[in-house]
Amino acid sequence: MSVVSLNAGPKRGWKSVSTWIGAVIVGIAMFCALAAPWIVPYDPFAQDLGKRLVVPFWMEGGSTEHLLGTDQLGRDYLSRLIWGCRISMLIGVTVTVVSGLIGIAIGVLGGFIGGRVDDAVLFAITTRLSIPVVLVALAVVGLLGSSMTLLVLTLGLLLWDRFAVVARSTTMQVRNLDFVAAAWCAGCSRFRILTREVLPNIASHLVVVATLEVALAILLEAALSFLGLGVPPPLPSWGLMIAEAKDYMFFSPWVIVIPGVALFVLVLGINLLGDGLRDLFGARTDT
Amino acid sequence: MLSFLTRRLIVAFLVAATVMTLAFILTRLSGDLATSIAGPNATQADIDAIRKAYGLDRPVLTQFFDWVGRALTGDLGESYFFKARVSTLIAERMPVTLTLGLTGLVIALVVSLPLGILAAVRENTALDRCVQLVALLGQAMPSFWLGLILMIFLGLQLGWLPISGTGSWQHYVMPGIVLAFSAIPALTRLTRAGMIQAMGSDYIRTARAKGLSRASILLKHALRNAAIPVVAIAAVQLGFMLGGSIVIEQVFALHGVGYLAWESIGKNDFPVVQAVVLVLAVIYVALTMLADLMNAVLDPRLRGP
């Protein structure tokens with residue numbers, strides 16, 4: 001197996017700082033996601049109607065009892081935020097696994113075989129790009145009823161385009177390199193060349209795409225949940241928290257600011273990490 | 001040029017046909033449509049009546065070819081909920097979505113062209129990094145949340161702009177800004193990359209050697225070449241924006257095509273849903289074709305053999 005770097009570029013100092021910021025944010029989010037059941041201060045589903053819309057600790061009337069306050073049903077906001085992180089990360093990662101499997105298979109096939117197969121792959125990508133993602137995802141969930149599994153499958157089936165584009169173009173580049181020709185001459189099978197020569201060499205590019213796709217999937221999940229056709233309540237998805245708090249936002253803006261900032265910071269962190277990895281690997285993600 | 005055009009047209013037609021098939025399958029996913037239209041309290045007789053009235057008792061393939069045949073003549077069927085022709089409904093709502101999309105695109109271009117040029121001219125300086133940071137921030141911004149935050153600040157606290165509805169041009173400013181956010185990162189990066197590439201090319205060196213002013217070199221020679229891909233991507237972005245405006249139309253209660261689709265999904269009004277999917281896809285295909293054509297006209301190398 002030989003690994004080559006396509007378009008390796010120099011890494012700049014400030015880039016590595018932003019990469020570290022991204023890595024720290026993603027690290028914290030991973031920890032929250034995995035340890036959520038043990039670190040939440042309260043049960044995120046337990047309602048306490050006597051303590052509705054308690055303000056966060058830094059505002060007047062707030063206390064350290066509920067650090068981020070409570071929502072309109074008296075549920076602890078910090079606990080729901082941590083639990084929501086678990087849901088965001090779970091959906092982001094599983095959607096990316098589904099879309100990655102589809103996109104990489106399609107892209108590598110088109111790039112490796114070429115000819116008619118590649119024409120078909122290009123056509124599939126063009127068709128996929130013409131389909132309005134949010135609308136179709138909403139329609140599927142609306143018609144079949146909302147559940148996590150359905151949401152993940154729907155988004156996974158819709159978001160494979162960037163994986164396919166990058167897998168296809170990088171496979172084409174690697175296919176024509178000398179060591180692949182050498183492997184052909186040595187009598188390696190197609191399968192062996194694909195798995196031992198091509199895939200290891202395009203893997204770094206795919207990892208970068210994967211990070212960006214996790215971020216995109218998290219944003220889309222939040223938007224769908226916000227519209228009421230994503231994660232079913234009472235699960236505390238950040239998008240759903242914003243939707244449920246919307247009626248109170250003019251009087252207590254913090255109810256939508258907190259989950260929104262969490263969402264923004266998480267997606268920013270993943271993108272910073274992805275950008276850093278791209279520079280590190282010298283990978284290309286442009287479509 | 002003609003063969004390029006024909007090839008592009010054939011692909012566009014095939015894509016539209018595929019989307020049409022997918023949209024049809026999509027609305028049949030829920031299994032028995034008559035049951036879901038009739039609602040939970042319907043009797044078997046009601047369901048049978050609905051099935052017959054809407055032609056759902058026919059074989060699926062007959063229904064499909066009937067829909068395709070009618071759609072080709074511009075007849076997108078009848079809405080169950082609105083009791084009106086789907087084509088009329090979409091035509092009524094389209095101006096709102098188009099106004100929103102174009103407002104968003106103009107705002108995005110006005111922001112990202114200068115930012116991209118600035119970043120390219122000052123490549124690898126603090127300014128360049130700031131612009132790239134802005135692009136990253138824009139990419140991470142959840143659009144529906146930005147919409148709500150703008151409503152609180154610009155709408156309620158400062159009182160500058162109306163919060164929702166479609167009464168005047170001011171109503172489109174906030175949704176336009178929110179929609180523009182989704183296109184600004186890509187457009188800025190592309191302008192920056194295009195300008196950097198153009199500034200390093202031979203014809204710019206020639207222009208410099210001739211002693212042209214800096215402004216003339218930047219705006220007349222470099223920008224003109226860097227703008228080709230930007231204009232093309234702007235057309236494609238508009239297509240994405242029209243498809244993505246469903247969330248923003250819902251936030252700001254703009255009664256456009258996205259809002260129509262959103263209402264129809266809730267009401268199981270599948271002729272409207274499948275028609276909106278088809279119309280948005282066709283608009284996207286048309287816009288990408290337009291982008292390809294513009295590219296081919298401006299850059300003959302792209303026309304291919």
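Which helix of chain A has the lowest mean pLDDT among the elements of that chain, and which has the highest? The first legend takes this up, and all the views come from a predicted model.

**Figure 1. Confidence along chain A.** Among the elements of chain A, the lowest mean pLDDT, 85, belongs to helix α7 (residues 178-185) of chain A, while helix α2 (residues 77-113) of chain A has the highest, at 92. Taken over the whole of chain A, the mean pLDDT is 84, with 93% of its residues at 70 or more. One stretch deserves some caution: over residues 5-11 of chain A, pLDDT stays under 50. For that stretch the model has 12 contacts beyond four places in sequence.

**Figure 2. Confidence in chain B and in the complex.** Chain B comes out with a mean pLDDT of 82, and 95% of its residues reach 70 or more. Among its elements, helix α2 (residues 33-38) of chain B has the lowest mean, 71, and helix α5 (residues 86-121) of chain B the highest, 89. As for the two chains together, the predictor gives the complex an ipTM of 0.85 and a pTM of 0.87.

**Figure 3. Chain A, helix after helix.** Chain A is built with 10 helices and zero strands. Its C-alpha atoms fill a box of roughly 75 × 45 × 30 Å along the principal axes. Of the 287 residues in chain A, 50% are buried. Look at the contacts in chain A with a separation of 6 or more, and 72% of them turn out to link residues 24 or more positions apart.

**Figure 4. Where chain A touches chain B.** Here 34 residues of chain A are in contact with 37 residues of chain B. On the chain A side, the elements that give two or more residues are α3 (115-130), α4 (133-144), α8 (190-226) and α10 (254-281) of chain A. The largest share of that side, nine residues, comes from α4(A). By residue type, the chain A side splits into 27 nonpolar, six polar and one charged.

**Figure 5. The largest nonpolar core.** This core has 171 residues, and L138(A) and V276(B) touch the most other members. Its largest share, 18 residues, comes from α8(A). Zoom in on V276(B): leaving out residues up to four places away in sequence, V276(B) touches L135(A) from the other chain. Within chain B, V276(B) touches I90(B), V257(B), L260(B) and A261(B).

**Figure 6. L263(A) and the residues around it.** L263(A) sits in helix α10 of chain A. It counts as buried because it has 27 C-beta neighbours inside 10 Å, and the cut-off for buried is 20 or more. Setting aside residues up to four places away in sequence, L263(A) touches A222(A) and W238(A) in chain A, plus P142(B) and W145(B) in chain B. For a sense of scale, L263(A) and A105(A) are 158 residues apart in sequence and 31 Å apart in space, C-alpha to C-alpha.

**Figure 7. Helix α7 of chain B and what covers it.** This helix (residues 143-157) has 15 residues and reaches 20 Å from its first C-alpha to its last, close to the expected 21 Å. Even so, α7(B) bends by about 30° at L150(B). L150(B) is also buried, as are S143(B), F144(B), W145(B), L146(B), G147(B), L148(B) and M151(B). Both chains help to cover the buried residues of α7(B): the cover includes α8, α9 (238-245) and α10 of chain A, together with α8 (173-199) and α10 (214-251) of chain B. Just after the helix, G159(B) takes a positive phi of about 65°.

**Figure 8. The bend in α10 of chain B, and the loop after it.** With 38 residues, α10(B) would reach 56 Å if straight, but its end C-alpha atoms are only 45 Å apart. The helix bends by about 50° at L223(B). In the loop between α10 and α11 (257-266) of chain B lies A253(B). Its phi is near 50°, a positive value in a residue other than glycine. A253(B) counts as partly exposed, with 13 other C-beta atoms within 10 Å.

**Figure 9. A cis peptide bond in chain A.** The bond that joins P233(A) and P234(A) is cis, with omega at about 10°. P234(A) lies in the loop between α8 and α9 of chain A.

How values were computed. Residues numbered from 1 in each chain as written. Chains lettered and ligands numbered in written order. Predicted model: local features only at pLDDT ≥ 70, side-chain atom pairs only at ≥ 80, totals over all residues. Contact = placed C-beta atoms within 7 Å. Helix = DSSP H or I, 4+ residues; strand = E, 2+ residues; numbered from the N terminus. Nonpolar A, V, L, I, M, F, W, Y, C, P; charged D, E, K, R; others polar. Expected span 1.5 Å × (residues − 1). Bend = angle between axes of the 7 residues up to and from the residue. Buried ≥ 20, exposed ≤ 12 C-beta atoms within 10 Å, placed from the backbone. Core = buried A, V, L, I, M, F, W, Y, C linked by C-beta atoms within 7 Å. pLDDT = per-residue confidence, 0-100.
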